[in-house]
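Q: Please give me a close look at one part of this structure, the surroundings of the ligand. I would also like to understand how that part sits within the rest of the model, so take your time and explain it step by step.

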Amino acid sequence: MAQVPLIELKNVSFQYDYTQVLSNISLKVEQGDFLALLGPNGSGKSTMLKLILGLMKPTSGQIELFGQPANTFKKRELIGYVSQKSNSFNSGFPATVKEVVASGLTKKIGLFKRHLADQNEKVMQALRDVGMDGFANRNIGELSGGQQQRVFIARALVAEPKLLILDEPTVGIDHENVQSFYDMLANLNEHHKMTMILVTHDVDTVSNRISHVACLNQTIHFHGFKNDYDSLSDDQLNAWYGHAVRKIHHTKEEKTQ
Amino acid sequence: MISSILHYEFLQNAFLSGIIIGIIAPLLGVFIVVRRLSLIADALSHVTLAGIAGSLYLSQTFTGLALLNPLYLGIVASVSGSVLIERLRRLYKHYEELAIPIIMSGGIGISAIFISLAKGFSTDLFSYLFGSVSAVSRQDLFIVVVIALLVIAFIYLFYKELFVLSFDDEYAKASGLPAKWIHLLFMIVTALVIAASMRIVGILLVSSLMTLPVAASIRIAKGFKQAILYAIIFGETAVIAGLVSAFYLDLAPGGTIVVISILILLVVIVGKKIAMSVRA
Ligand SMILES: Nc1ncnc2c1ncn2[C@@H]1O[C@H](COP(=O)(O)OP(=O)(O)OP(=O)(O)O)[C@@H](O)[C@H]1O
Ligand SMILES: [Mg+2]
């Protein structure tokens, strides 16, 4: 069977009431890709992810997920999501860490069914993956922002999605844990064939784990292998972004494509 | 007390309805409070009043309707109110709370018209406003049982979806859950619980039975299931103690139930403060 791209955007545009945010975006994400989505603040990264997730509809253009039009795509449990502002939830909410992570299985279990036989094991494994298993029975509101963020990552991992969409997931997580978090993503990507889309401003830290880069600023200015991105000139990048951006300088450790 | 309950049907009706409501109102109340919809429960109860007042007026005016149980029109009014609120909330996306005063004043306004049209159902109306130990009929009890079964089935079937929806609305939508439908069902079920509870606690105090036990429980609960359990324990305690004291002191049960709920809340708040300062 020919491989269909997991995500395909065809000429997608989007505008909020009056502001044009995305113009003519065409992008394919293939199975196994580890894509870093880069762009300055307000460039439309979160908006693009929300369109992919079906939270908003494009003003024009088509989106296909796993080869199906996004608006008829039903198997949303194949897609895991960590939003940019996960900590915007009501912090007085009476829920344990375990309950929050288990809620990531809701779609996978399906309507009218109560739980999976190995649900508890899956939840604990996801918590171990993010190093939060010691907090399973704590109240979510009593954790620090970074700890909460790790719990939300576990919630996305628990359903073992084929595609993981992460919108600046490491904000608020300390340096050491960021490293082990990216190690974990790289491992899921390599050994479990989990496709990743990662929005980040911290290109240096992820540079030797990602396979592809897309540069977005209202439209896609570049999409390709990471090595090709590395060979772009600073002037080129500045022209796209309108200001200086940090570039990846990790040439020694690079994998060859 | 026990022998009176065995003796008098009206007491059986009141206590059985009370025990059932003591479970379903706080059970649903937990979801209402964490989703910050407490005021909606208040608005809906006033819409229910419009249905009740309308029904009382109709049964006074048209002899053919004399035996119509006002609860039915009350249920119709509160369910329509819940659907309307949803409509309005979507219309005023950025001012969602605007739906509440619109619906609430609408409900009170219509009630006022019916009440002034019909002259003199003051005692009946009083029992609808503040609850009653003696006015609960077998038919009322039957309606309460049916509504309770619906509510419990709804929560049982949609527990995990309701949890996701309450905790993180955006995530629920991104997971492809039918958030809109579940939310609409939730609003309708809320309307039903309000109609069911009204006979015991009264329209003006219905929302308190959905919120006060929850306010106490979320002070001390670590998890969601625990919050539900504590809320039901507090709610049930308030209802039973409230009904007993209302019966002996000849008071409106709505009043006694709410006052006891507030006492429970105070005990929990103060108790937690003390427990924390002891630990510190
Ligand atoms: N709800 C909204 N209504 C109107 N405009 C919006 C809304 N949300 C975002 N925008 C606008 O859309 C543009 C893109 O926003 P978006 O959140 O997608 O940017 P981003 O690339 O994720 O930025 P950041 O790096 O800050 O997260 C911005 O100019 C923003 O002002
Ligand atoms: Mg963003």
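**The ligand site and its setting**

A: Chain A exposes about 11,800 Å², and carbon and sulfur atoms supply 47% of that area. Everything described here belongs to a predicted model, and it helps to begin with the chain as a whole before turning to the site. The secondary structure of chain A comes to nine helices and 10 strands. Its radius of gyration is 18 Å, close to the 18 Å that the globule rule gives for 257 residues, so chain A is as compact as a globular protein of that length. Along its principal axes, the C-alpha trace of chain A spans about 50 × 40 × 40 Å. Of the 257 residues in chain A, 53% are buried. When contacts in chain A with a separation of 6 or more are considered, 66% of them come from residues 24 or more positions apart.

Now to the site itself. Around ligand 1 there are 13 residues, and those that come nearest are A:Gly42, A:Lys45, A:Ser46, A:Thr47 and A:Gln84. Sorted by character, the shell around ligand 1 holds three nonpolar, eight polar and two charged residues. Three side chains can be followed down to single atoms. In A:Thr47, a polar side-chain atom lies 2.5 Å from an oxygen atom of ligand 1. In A:Ser46, a polar side-chain atom is placed 2.7 Å from an oxygen atom of ligand 1. For A:Gln84, the distance from a polar side-chain atom to an oxygen atom of ligand 1 is 2.8 Å. On its own, ligand 1 has 630 Å² of accessible area, and the protein covers 60% of this.

Which element gives the largest share of the shell around ligand 1? That share, three residues, comes from helix H1 of chain A, which runs over residues 45–52. H1(A) is mostly covered, since seven of its eight residues are buried. These buried residues are A:Lys45, A:Ser46, A:Thr47, A:Met48, A:Leu49, A:Leu51 and A:Ile52. It is worth pausing on this list, which includes A:Lys45, A:Ser46 and A:Thr47, because those three names also appear among the residues that come nearest to ligand 1; burial here means a relative accessible area under 20%, with only the protein chains counted as cover. In general, an α-helix has 3.6 residues a turn, so residues three or four places apart point the same way. After H1(A) comes A:Gly54, whose phi is positive, near 80°.

A positive phi deserves a further comment. Most residues other than glycine have a negative phi. Chain A nevertheless offers examples of the other kind, one of them being A:Asn24, a residue other than glycine whose phi is near 45°. A:Asn24 is found in strand E2, residues 20–29 of chain A, and at 49% relative accessibility A:Asn24 counts as partly exposed. Another example is A:Lys193, which is not a glycine and has a positive phi of about 55°. A:Lys193 lies in the loop between helix H6 (175–191) and strand E8 (195–199) of chain A, and A:Lys193 is exposed, with a relative accessible area of 52%. The two values, 49% for A:Asn24 and 52% for A:Lys193, receive separate labels because a residue is called exposed over 50% and buried under 20%, with partly exposed in between.

To complete the setting, consider chain B. Chain B has 12 helices and zero strands. The radius of gyration of chain B is 19 Å, close to the 19 Å that the globule rule gives for 280 residues, so chain B is as compact as a globular protein of that length. Its C-alpha trace spans about 60 × 50 × 30 Å along the principal axes. In chain B, 54% of the 280 residues count as buried, and 77% of the contacts between residues at least 6 apart in sequence join residues at least 24 apart. Chain B exposes about 12,500 Å², with 72% of it supplied by carbon and sulfur atoms.

One residue of chain B can serve as a detailed example. B:Ser261 is found in helix H12, residues 253–279 of chain B, and B:Ser261 is buried, with a relative accessible area of 5%. Leaving aside residues up to four places away in sequence, B:Ser261 touches B:Leu212 and B:Ala238.

Key. Residues numbered from 1 in each chain as written. Chains lettered and ligands numbered in written order. Predicted model: local features only at pLDDT ≥ 70, side-chain atom pairs only at ≥ 80, totals over all residues. Heavy atoms only, no water. Near = heavy atom within 4 Å. Polar contact = N/O pair within 3.5 Å; in protein donor to acceptor, adjacent residues only side chain to side chain. Areas by Shrake-Rupley, 256 points an atom, 1.4 Å probe, with all protein chains shown as cover. Helix = DSSP H or I, 4+ residues; strand = E, 2+ residues; numbered from the N terminus. Nonpolar A, V, L, I, M, F, W, Y, C, P; charged D, E, K, R; others polar. Rg over C-alpha atoms; globule rule 2.2 N^0.38 Å. Buried < 20%, exposed > 50% of the residue type's maximum accessible area, 1.4 Å probe, protein only. Contact = heavy atoms within 4.5 Å.
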